[in-house]
Amino acid sequence: MVVELIIIKEDFFIWKGNRILLFFSLFSLFLLITVSAVSAEDISLNDSSSVMSSADWENDIDGFDYSSLEVSSHAVIESSDSDLEGVVAGSKYLKGFSNSEMLKGSGSTSNLANDSVYVINSDNIGDFFDEQNVLKSNYSDGVLVFDGSFDNLGVLKIYSNGTHITANNSSFFNTAFDLNASGVVLSNVDLVLDKSFEENDYAAIMCRGDNITVYNCSIVYDAPSNLTAFGIYSDGHDDDFVGLSLINNTINFRGHATYAGYNYGVLLRNTHDSLVYGNNISCELPLRSVAWWGGSMDYGKVSMDTVASLACDFCENLTLSNNYIYSNVNHNSLELNAYPTLDTVILYGCSYSLIEENEIISLDFITPLGYDNYLQGVDLYNLNDVTVIGNKITLFTNGGKPCQSTAYPVQINGPVYNVKIAFNNLTTFNHGPNCGIYSQNYYGDTYIDIISNFINVTGDATADGYASYALVSGIEVQDTADNILNNTIIVTNLGDYKSNNNVYGISYVQNTGGGHSYNIQYNNITTNGNYGVKLIGKVNQSSTVDSTVSNNVINTGTTSSHAGASTNGKVDAPGGTVVKNNTNGRFVNEMSEDDLPNWLKDVRKPVIPAFDWIHRALNRNSNGTGFTDDVGNGTAPWNSHGNASGVRGSGSDGPVSGNGTNSHSDNSFGSDHDTSLGIGGSSSPSLSAGSPSDVGSSAMNPDAYEIVEPENAVVKSTNVVQLAVICIIALLLIIIGYKREKDREEE
């Protein structure tokens with residue numbers, strides 16, 4: 001009996017042990033499968049790079065150790081592990097835009113004949129520059145590193161081709177640079193000036209050569225009263241220079257040319273194939289009268305406007321990208337000036353150019369209500385094949401009076417051909433006539449595409465004897481032939497309502513000669529006027545023909561409240577114009593990709609040059625200078641709008657000081673994350689055509705949702721293999737346990 005009990009007890013424990021083994025194997029299998037699945041799911045969910053919207057950059061990293069340089073948030077793409085290895089800027093718009101020679105010789109300096117580093121300080125500077133302040137030619141084959149402070153040296157002149165200059169924790173007071181040679185690179189210098197530099201053509205940095213690069217420099221210039229002064233000036237009007245690169249610079253310029261002189265933060269003349277990228281150009285400037293019919297034109301056609309933040313005269317194939325450009329009025333002579341004007345950006349004759357992804361702001365808190373002022377964000381003259389895309393342009397002033405004043409984000413003056421305006425966020429507020437885009441062919445024929453912009457305009461259409469000039473409109477186009485598609489337009493008249501006020505979403509009401517043709521479709525228009533679209537007919541030598549106003553959503557101050565009602569009656573156009581399918585609700589027909597012009601479907605990526613030689617020059621253990629990795633300028637005087645200084649927070653490989661400003665900051669007028677100026681609260685209309693977010697990109701952007709293969713695909717594949725191996729092992733354990741139990745039963 002005892003033996004039998006022992007056998008039974010042994011069988012019980014064997015059976016129980018097998019059951020425990022079986023249970024443990026099954027539990028382990030379940031646990032391992034669950035953990036592996038969760039791990040794989042977490043990788044998928046946390047992979048933010050797997051889906052990329054149209055507002056994202058394609059962050060390509062290519063090159064070298066860039067960690068110790070001061071960088072602007074505009075100009076550098078940071079990888080997730082904070083390893084900055086070069087700079088490649090991603091433009092999400094125009095692939096076929098030729099700029100192949102733009103960067104020849106700029107910044108690419110790995111082929112320096114002599115990789116020597118010459119350290120210049122206040123004690124030995126006479127060893128490097130002669131009595132006329134000209135750099136001695138025998139030092140031009142290496143890298144010149146300025147170390148320390150340099151005061152009142154006048155103009156330092158660089159006349160040797162290929163000279164490379166940088167600085168370490170250095171400042172230059174009332175000291176300017178004349179870069180009078182090709183292939184010169186100037187970087188990391190910090191200039192503070194308060195006097196005129198007539199001997200340097202009035203510029204803090206003067207450029208006279210091909211393929212000059214000015215990188216990561218800081219200029220603080222408080223210019224003398226009624227004298228000419230510039231931050232950076234490239235003068236190629238006699239020689240037609242090429243290949244200028246202005247990258248990641250901070251220019252704080254305060255101009256006082258109130259009655260005489262010229263003030264420009266940056267002035268470029270006949271400097272082609274140039275790149276102006278990632279700069280912060282902040283200017284305080286006076287309002288001045290425009291010399292429309294003559295004047296000295298000392299600095300080309302652009303100098304009809306004597307003040308501007310950025311002025312470019314006959315600079316073909318210019319790329320103006322990812323900059324913060326700001327102007328603030330510091331003086332208005334009121335009754336003394338006729339048409340007191342300030343352009344933030346003015347381009348004359350700059351064909352084949354690209355203006356993309358910039359934030360451009362113009363503010364005037366000086367001019368009071370009841371006085372006129374004339375502000376332009378981007379002012380274009382006499383050019384062809386120019387693209388204005390993906391910019392955020394904001395203008396605000398309390399000035400203005402009936403029939404006088406303007407605050408135009410974009411102004412176009414013919415003759416122009418193939419000007420393209422798309423995916424911009426345009427916001428403007430004043431107390432006089434106002435438009436988001438104003439285009440006229442007074443000087444010649446104009447052909448324009450205006451597509452998928454967000455436009456918010458507030459002004460006063462009160463007439464005072466000149467009704468057509470008391471105009472508040474989202475888009476006023478006095479052009480030869482235009483395509484106006486898929487724009488969201490909000491227009492608010494601050495004056496009293498009258499049925500005949502000139503308040504429109506899209507208009508041609510100011511007569512100019514010649515024939516006019518318009519294709520106006522798929523726009524979402526909201527105004528508090530009477531009409532959404534107004535096109536004048538036969539007036540003197542002007543006629544509007546072959547035009548279409550169809551498939552728009554139009555809501556006005558007198559639109560029917562019945563949902564889906566036709567608003568064809570809110571289009572005032574001459575006979576023969578096709579007017580159909582306009583409603584106050586949903587679109588009858590929506591724009592398809594087939595409606596987009598070919599130029600808007602391509603994508604290109606301008607490449608920003610590398611500056612690895614700066615890192616090498618500033619981090620040599622053998623030079624005995626004691627340089628650290630903390631390089632930078634980042635000066636921000638006068639509480640300048642949006643400038644930053646000091647350590648720029650996380651995401652860098654050490655202390656990095658920031659020159660630039662986040663172009664998508666909410667801290668500016670017309671923020672796309674706040675209630676729009678002139679439009680309040682929950683009554684704001686649905687913005688189905690062009691969203692104001694991400695500087696105006698809409699869902700019609702063909703690149704709105706890109707699926708990108710993530711780099712962790714290999715990791716996910718590895719997880720699958722691991723899971724399979726675990727399953728096989730667990731299954732083997734189960735089989736072994738089952739077989740042992742079976743064998744025991746047979747015994």
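## Working through the model

**Exercise 1.** Between which elements is Asp141 found?

*Solution.* Start with the location: Asp141 is in the loop that runs between helix 2 (125-128) and strand 3 (143-158). Helices (H or I, at least four residues) and strands (E, at least two) are DSSP runs, numbered from the N terminus. This is a predicted model, where local features need pLDDT of at least 70 and side-chain atom pairs count only at pLDDT 80 or more, while totals for chains, interfaces and linings use all residues. Residues are numbered from 1 along each chain as its sequence is written, and side-chain values use heavy atoms, with hydrogens and water left out.

Next, exposure: Asp141 counts as partly exposed because its relative accessibility is 29%. (Buried means under 20% relative accessible area, exposed over 50%, partly exposed in between, with a 1.4 Å probe and protein chains only.) Last, a contact: Asp141 and Ser116 sit 25 residues apart in sequence, with their C-alpha atoms 7.6 Å apart.

**Exercise 2.** Which residues are linked with Arg208 in a network of salt bridges?

*Solution.* First, the rule: a salt bridge needs a side-chain nitrogen of Lys or Arg within 4 Å of a carboxyl oxygen of Asp or Glu. That gives a count of five salt bridges.

Now take Arg208 one partner at a time. Asp178 pairs with Arg208, with 3.3 Å between the closest N and O atoms. Asp178 is in strand 4, while Arg208 is in the loop between strand 7 (203-207) and strand 8 (213-215), so this bridge ties together parts 30 residues apart in sequence. Both Asp178 and Arg208 are buried.

Then there's Asp201, whose bridge to Arg208 has its closest N and O atoms 2.6 Å apart. Asp201 is partly exposed, because its relative accessible area is 28%. Put those together and you have the network: Asp178, Asp201 and Arg208.

While you're here, look at Asn180, in the loop between strand 4 (164-179) and strand 5 (185-187). Its C-alpha is 4.6 Å from that of Arg208, though the two are 28 residues apart in sequence. With 30% relative accessibility, Asn180 counts as partly exposed.

**Exercise 3.** What N to O distance goes with the salt bridge of Asp222 and Arg254?

*Solution.* The side chains of Asp222 and Arg254 meet at 3.7 Å, N to O. Asp222 belongs to strand 9 (residues 218-225) and Arg254 to strand 13 (residues 250-256), so parts 32 residues apart in sequence are tied together. For exposure, Asp222 comes out partly exposed because its relative accessible area is 26%.

**Exercise 4.** Which residues are closest to the centre of the largest pocket?

*Solution.* Begin with the volume, about 980 Å³. (A pocket is an open set of points on a 1 Å grid over the protein atoms alone, with protein on both sides within 12 Å along at least five of seven lines; lining residues have an atom within 4 Å of a point.) The lining has 29 residues, and Trp292, Tyr339, Tyr374, Tyr438 and Tyr469 are the closest to the centre. Strand 24 (374-381), strand 27 (406-413) and strand 30 (434-440) are the elements giving two or more residues to that lining.

One of those central residues, Tyr339, deserves a second look: its phi is positive, about 55 degrees, although it is not a glycine. Tyr339 lies in the loop between strand 20 (324-331) and strand 21 (341-348). At 51% relative accessible area, Tyr339 is exposed.

**Exercise 5.** Is Asp546 buried or exposed?

*Solution.* Place it first: Asp546 is in the loop between strand 40 (542-544) and strand 41 (548-550). Then check the backbone, where phi of Asp546 is near 50 degrees, a positive value in a residue other than glycine. Finally, Asp546 counts as exposed because its relative accessibility is 68%.

**Exercise 6.** How many residues apart along the chain are Tyr326 and Cys283?

*Solution.* They are 43 residues apart, yet their C-alpha atoms are separated by 6.0 Å. Tyr326 has its place in strand 20 and counts as buried, at 8% relative accessibility.

Repeat the steps for Leu268, which lies in strand 14 (residues 263-269). Leu268 counts as buried because its relative accessibility is 0%. Leu310 is 42 residues from Leu268 in sequence, and the C-alpha distance between them is 8.2 Å.

How values were computed. 1 Å grid on protein atoms, 1.4 Å probe; cavity = no way out; pocket = protein on both sides within 12 Å on 5 of 7 lines; lining within 4 Å. Points joined across faces, edges and corners; volume = space filled by probe spheres on them.
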